[in-house]
Amino acid sequence: MASAARVILAPDKFKGSLAAPEVAAALAAGLRRSAPDAQIRQVPVADGGDGTVEAFIAAGWTRVEVTAPGPTGVPRRTSYARHGATAVVELAAVVGLALLPEGRPDPLDASTYGLGVVLAHAMEHGVTEIVLGLGGSASTDGGAGMARALGVRILDAEGRELPLGGAALAQAARLDRSGLHPGVAGTTITLACDVDNPLLGPTGAAAVYGPQKGAGPAEVDLLDNALAAWAQLAGPQFARLPGAGAAGGTGFGALALLGARIRSGIEVVLELLDFPALLATATLVVTGEGSLDQQSLHGKAPVGVCAAARKADVPVIVVAGRTLLGSDDIRAAGFAGSYALADLEPDPERSMAEAAALLERVGARIAAEWLG
């Protein structure tokens with residue numbers, strides 16, 4: 001008798017519709033309906049952006065709750081994931097765009113201060129390794145707010161501490177690192193990041209991502225100039241590094257002041273989830289995300305999952321809400337097959353609203369077509 005199929009479900013979130021654990025659960029329900037004997041392991045993933053902490057909680061890590069200021073300073077409850085002395089902190093869950101009060105952008109004054117509060121909490125409770133997921137930031141402050149919360153002082157020419165926010169950095173004249181949190185020296189910080197923008201210039205944090213945070217052309221110029229002043233103080237050599245512009249320049253702040261290193265978001269997530277070990281006995285992997293497009297091919301979760309699975313010679317199916325890639329691109333990325341919810345429900349609003357039921361149908365199809 002042939003052994004039962006062993007399937008790993010490793011999707012990212014379907015943004016605006018379902019969190020990654022919900023996507024995995026819906027696919028699993030469909031697979032079990034058509035292949036009740038299949039051994040199914042649900043391993044929801046993320047690439048460092050929103051949903052990263054929830055992926056680790058789903059994997060059995062401990063949720064640690066903490067109160068920290070949001071992007072405009074309003075205190076709120078947030079959480080990070082912990083396993084032993086390792087913590088996964090998600091910028092988007094602390095100072096992300098989705099946390100702006102009433103959704104009102106604040107491109108000049110929003111800050112990453114709350115992120116520093118969460119990092120300090122982890123360090124003060126025995127964590128010695130932090131993976132910091134970058135993405136979804138509401139601010140363009142070069143990580144200055146984060147640094148302030150960790151004891152760094154940023155002063156103007158008169159010796160006064162600057163207000164929070166990216167715009168204020170235009171007045172930065174002196175940096176005092178003497179009060180830097182002592183935990184930083186004993187903590188390894190890895191930035192999980194899927195962008196390679198530098199801090200400054202036409203491909204930098206302000207120019208590329210500022211408009212997404214509500215900055216008009218004049219505000220983009222102001223923020224870019226302010227970040228240049230900040231970089232001159234904190235470490236101009238770090239401003240040119242790929243990823244320094246991630247999350248409104250938070251990548252730069254972490255590199256220059258916290259001794260962080262940058263890695264591919266999905267690669268570090270899969271490593272922490274011990275994904276290669278899971279692949280050793282798998283016969284099929286199913287991954288996915290809300291929109292499969294050209295951006296997906298540059299470090300997003302499904303392609304990272306596919307790359308890892310191919311190293312283990314395990315075929316990978318990708319499921320998406322919609323697919324904007326041609327079949328040649330999908331094959332070239334290494335996927336053995338693809339399914340789109342839009343093929344079952346062409347109306348985007350209904351497809352998003354009914355995503356769980358549609359994913360169950362897709363799961364049943366995958367079982368019939370790949371596990372028979």
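Helices, at least four residues long, are DSSP runs numbered from the N terminus. The exercises below concern a predicted model.

**Exercise 1.** Determine which residues line the largest cavity, and which helix supplies the largest share of that lining.

*Solution.* Step 1: a search of the whole structure yields one cavity of 30 Å³ or more. Step 2: the space in the largest cavity amounts to about 40 Å³. Step 3: its lining consists of Ala 144, Gly 145, Arg 148, Ile 154, Leu 162, Pro 163, Leu 164, Gly 165 and Leu 169. Step 4: helix α5 (residues 144-149) contributes the largest share, three residues. Step 5: sorted by class, the lining comprises six nonpolar, two polar and one charged residues.

**Exercise 2.** Describe the largest pocket by its volume, and identify the element that gives the most to its lining.

*Solution.* Step 1: the volume of the largest pocket is about 1300 Å³. Step 2: 47 residues line this pocket, and Lys 15, Asp 50, Gly 135, Gly 136 and Lys 300 are the closest to its centre. Step 3: elements that each supply at least two lining residues include α2 (52-58), α9 (246-258) and β11 (284-292). Step 4: β4 gives the most, with four residues. Step 5: the classes in the lining are 14 nonpolar, 17 polar and 16 charged residues.

**Exercise 3.** Decide whether Asp 176 is buried or exposed, and describe its surroundings.

*Solution.* Step 1: Asp 176 belongs to strand β8 (residues 174-176). Step 2: buried means under 20% relative accessible area; Asp 176 has 16%, so Asp 176 is buried. Step 3: the side chain of Asp 176 forms a polar contact with the side chain of Ser 178 at 2.7 Å. Step 4: leaving aside residues up to four places away in sequence, Asp 176 touches Gly 151, Val 152 and Arg 153.

Key: Residues are numbered from 1 along each chain as its sequence is written. This is a predicted model: local features need pLDDT of at least 70, side-chain atom pairs count only at pLDDT 80 or more; totals for chains, interfaces and linings use all residues. Side-chain values use heavy atoms; hydrogens and water are left out. Buried means under 20% relative accessible area, exposed over 50%, partly exposed in between (1.4 Å probe, protein chains only). A polar contact is a pair of N or O atoms within 3.5 Å; within protein, one must be able to donate a hydrogen and the other to accept it, and residues adjacent in sequence count only if both atoms are side-chain atoms. Contact means heavy atoms within 4.5 Å. On a 1 Å grid over the protein atoms alone, a cavity is a set of points where a 1.4 Å probe fits but cannot get out, and a pocket is an open set with protein on both sides within 12 Å along at least five of seven lines; lining residues have an atom within 4 Å of a point. Grid points are joined across faces, edges and corners, and a volume is the space filled by probe spheres set on the points. Ala, Val, Leu, Ile, Met, Phe, Trp, Tyr, Cys and Pro count as nonpolar, Asp, Glu, Lys and Arg as charged, and the others, Gly among them, as polar.
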